[in-house]
Amino acid sequence: MDAIGCALLPASCTLCGSPLPQLSSVPICAVCWTEIPLLSGPACARCGDSLDTPVSLVNPASASFCRACRLAPPAFLRAVAFGLYQDRMKGAIHALKYDRLYPAARGLGRLLAQAIAQFASDAPAEMLVVPVPLHRSKYAERGFNQARSLAAQALRFLHKSDPAWKLALAPSTLMRLRATESQAGLTSRGRRLNVRGAFTVSDPAVVESKHILLIDDIFTTGATIRAAAQALKRAGAASVWVATLARARRTSVRRYAPADKAEDTRIFAGATLHCETNFSLQEKSSF
Ligand SMILES: [Zn+2]
Ligand SMILES: [Zn+2]
């Protein structure tokens, strides 16, 4: 049937163009799924950012935390991601978000479920799963919220793999109050200011004393996630945990940059960042 189907409906992989050997609702080939770049190397125990500052330059007691988390601890407890926001991962997310290849959410949701599963042993047994919302004008333009689609797909897998873990999707809990500018092209400080106060909780009674699992597609500087987590904590959430599908990872340009400058000269996957003046990730924002 697959052969007949492929002959009748020739299809090729959206990411690499190779012919698909089987009829599939997701036009991404098996090889491309295996080529999704993974995260590696030492990472901040809080936000998951790569740790490239020489350990001798920081207080050994806080050496497992990045500079941003040491200076201003985020409102979330931990953030994890499945892979790096580049190559096949970037292609698959773009296919979902901008080419509206909705079936890709299923395959990507499976990867997100693997990221979330990293919390299984530490996280509370009952959690509310809150996708980072789009502003209603962006939602009207895009027609769907990729964070919500990914969260719903990930939960399908987790309900099967870990049925005792009570994860309930609460998609309209968090609201985006204003249509913020696209984060692309903004400095990291600009990103923080752009999303400050952008989120609110529709009904604080829903999140009060609850443990929250916040979901988004990409963690870039963390400005959006930090602002969303802050709104949830302000509304009375007991704790906030974060899982994203992908993470834009930086590496230091100068191997021995002083600790206070270490953040200023850095490269994100696929783009250079100069001293907070030229944040030009090759991505559209998740807004
Ligand atoms: Zn492929
Ligand atoms: Zn950190």
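What share of the 287 residues in the protein is buried? Buried residues make up 48% of them. The model shown in these views is predicted.

**Figure 1. Overview of the predicted model.** The protein contains 10 helices and 10 strands. Among contacts with a separation of 6 or more, 70% join residues that are 24 or more positions apart. The views that follow show the nonpolar cores, two residues of helices H5 and H7, a pocket, a cavity and two backbone positions.

**Figure 2. The largest nonpolar core, with 44 residues.** Leu 108, Ile 116 and Leu 213 are the residues with the most contacts inside this core. At least two of its residues come from each of the following elements: strand E1 (78–84), helix H4 (87–97), helix H5 (104–116), strand E2 (126–131), helix H7 (146–161), strand E6 (211–219) and strand E7 (239–247). The largest share, 8 residues, is supplied by H5. The core lies between domain 1 (1–35) and domain 2 (36–249), because both domains give residues to it.

**Figure 3. Surroundings of Ile 116, and a separate core.** With residues up to four places away in sequence left out, Ile 116 touches Ala 154, Leu 158, Trp 165, Leu 213, Ile 215 and Ala 243. Another core, of 30 residues, lies apart from the largest one. Cys 44, Leu 174, Phe 199 and Val 207 are among the residues of this other core.

**Figure 4. Leu 111 in helix H5.** Leu 111 has a relative accessible area of 8%, and since buried means under 20%, the residue falls in that class. Its contacts, leaving aside neighbours within four places in sequence, are Trp 33, Ile 36, Phe 82 and Leu 245. One of these partners, Ile 36, is 75 residues from Leu 111 in sequence, and the C-alpha to C-alpha distance between the two is 9.7 Å.

**Figure 5. Ala 147 in helix H7.** The relative accessibility of Ala 147 is 0%, so the residue counts as buried. Outside the neighbours within four places in sequence, Ala 147 is in contact with Pro 131, Val 132, Ile 215 and Asp 216. Pro 171 is also marked in this view: Ala 147 and Pro 171 are 24 residues apart in sequence and 9.4 Å apart in space, C-alpha to C-alpha.

**Figure 6. The second largest pocket, with a volume of about 270 Å³.** The pocket is lined by 13 residues, of which Pro 133, Leu 134, Pro 171, Leu 174 and Met 175 are the closest to its centre. Helix H6 (136–142) and strand E4 (174–176) each contribute at least two residues to the lining. E4 gives the largest share of this lining, 3 residues. By class, the lining of the second largest pocket consists of 7 nonpolar, 3 polar and 3 charged residues. Leu 174 is also one of the residues of the 30-residue core.

**Figure 7. The second largest cavity, with about 30 Å³ of space.** The count of cavities of 30 Å³ or more comes to 2. Arg 106, Arg 156, Phe 157 and Lys 160 line the second largest cavity. H7 gives the most to this lining, with 3 residues. The lining has 1 nonpolar, no polar and 3 charged residues.

**Figure 8. Asp 87 and Arg 100, two residues with positive phi.** Which value does phi take at Asp 87? The angle is near 50°, a positive value in a residue other than glycine. Asp 87 lies in helix H4 and is exposed, with a relative accessible area of 55%. Arg 100 is not a glycine either, and its phi is positive at about 55°. Arg 100 sits in the loop between H4 and H5. With a relative accessible area of 36%, Arg 100 is partly exposed.

Conventions: Residues are numbered from 1 along each chain as its sequence is written. Chains are lettered from A and ligands numbered from 1 in the order in which they are written. This is a predicted model: local features need pLDDT of at least 70, side-chain atom pairs count only at pLDDT 80 or more; totals for chains, interfaces and linings use all residues. Side-chain values use heavy atoms; hydrogens and water are left out. A nonpolar core is a set of buried Ala, Val, Leu, Ile, Met, Phe, Trp, Tyr and Cys residues joined through side-chain atoms within 4.5 Å. Buried means under 20% relative accessible area, exposed over 50%, partly exposed in between (1.4 Å probe, protein chains only). Helices (H or I, at least four residues) and strands (E, at least two) are DSSP runs, numbered from the N terminus. Domain bounds come from an automatic or database domain assignment. Contact means heavy atoms within 4.5 Å. On a 1 Å grid over the protein atoms alone, a cavity is a set of points where a 1.4 Å probe fits but cannot get out, and a pocket is an open set with protein on both sides within 12 Å along at least five of seven lines; lining residues have an atom within 4 Å of a point. Grid points are joined across faces, edges and corners, and a volume is the space filled by probe spheres set on the points. Ala, Val, Leu, Ile, Met, Phe, Trp, Tyr, Cys and Pro count as nonpolar, Asp, Glu, Lys and Arg as charged, and the others, Gly among them, as polar.
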